[in-house]
Amino acid sequence: MVNDVVRVGIIGCGGIANGKHMPSLKKLKDVEMVAFCDIVEEKAVKAKAEYGTEDARVYTDYKKLLEDKTIDVVHVCTPNRSHSFITVDALDAGKHVMCEKPMAINSAEAQKMIDARDRSGKLLTIGYQTRFRSDAQYLKTEAELGTFGEIYYAEAIAIRRRAVPTWGVFLNEYEQGGGPLIDIGTHALDLTLWTMNNYKPKYCVGTTFHKLNNDTQTGNAWGDWDPEKFTVEDSAFGFVVMENGATVYLKSSWALNMADPREAITTVCGTKGGADMLDGLRINYVRNGRQCILKPDFKAGGVAFNEGSASMKPQELEALKWIEAVRNNTAPLTTPEQAITVTKILEGIYTSAKTGDIFRF
């Protein structure tokens, strides 16, 4: 860093970069976006104009961007298949890396990222901004306080009724590694494991469905999808048993005839109490022999769980904490070791669905 300014390069200037990463970084003090790369040059040019410094550079080859030794941090915002090799190259080039979720398309590729982190001595984090919502922060604090006791059952829920992303490569199994399970189910699973503080899966079973892919009059939020391009599952479900016997039921869909969709939420049940996000955050327990429910009011003022969190969006708080970790050379709040466990479980569910057998970790 020069004069305490963190210089950032963006690799991939599509939807997630424009919707999350670049606007969040733009709001941070002493952070400059100095390089933009996309295989479609016009996207990188546009990103530079909106978010970059006056002398920011534009690339279509990410390896050229990585040659710039003045860049401190790289954000990888590309399709899932390229997360691993771009991140590895960036770490080996001496950059700290924020990689958008999921960590990788499989655990072997994710491990390569951790190995590169270890040999480079640089920081690596994965973009799970759901953790930084106010309700998630409150839930995590209650779990750490022991409110729930031992959490032995949980549901990770990412259900859409008709919200299939029809742009980019979302429907392309080769590029993405899957559909709703790896796209939004990953957020719900990360939130759940983080709340439980349990990262030791034992085995899982899973199912994936391609039941609605060929529909034409779809009622989809973003317009009808092209059945010929819709090569990923439309819904996927997994049943995960952890080493200590705790059980997680993971539900995910882009298209499912479910009238009450819920996305990126969790339910946890423990020996002392439980919580869900089905009607805002609700914490349930027994007091004086009576069943009770506590509903925190997140519209009212309250103590911020992280500095600045009361006035920041989750993705902005995530970016702030990431840059603070870079400045202070401290572990990021979302660690690669946590993220690779999410990837291992997703891989296990997909494998079980294909083989029809139990997948053992």
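Helices (H or I, at least four residues) and strands (E, at least two) are DSSP runs, numbered from the N terminus. This is a predicted model: local features need pLDDT of at least 70, side-chain atom pairs count only at pLDDT 80 or more, and totals for chains, interfaces and linings use all residues. Residues are numbered from 1 along each chain as its sequence is written, and side-chain values use heavy atoms, without hydrogens and water.

**View 1. Nine strands form an open, mixed sheet.** The strand order is 14-13-12-11-7-10-9-8-15. Two strands pair if DSSP finds at least two bridges between them. Strand 14 (290-294) and strand 15 (359-360) are at the edges; each has a single partner strand, so one side of each lacks a neighbour in the sheet.

**View 2. Strand 9 meets strand 10.** Strand 9 (residues 235-242) and strand 10 (residues 247-253) run antiparallel, joined by seven bridges. Glycine 238 has leucine 250 of strand 10 as its bridge partner.

**View 3. Helix 8 packs on the sheet.** Helix 8 (residues 180-196) touches strand 7 (151-159), strand 9, strand 10 and strand 11 (262-270). Contact means heavy atoms within 4.5 Å. The direction of helix 8 makes about 155 degrees with that of strand 7. Axes are lines fitted to C-alpha atoms, for helices over the stretch in contact; angles run from 0 to 180 degrees between N-to-C directions.

**View 4. Asparagine 329 comes just after helix 9.** Asparagine 329 takes a positive phi of about 55 degrees. Helix 9 (residues 314-328) has 15 residues.

Definitions and conventions:
Expected span 1.5 Å × (residues − 1).
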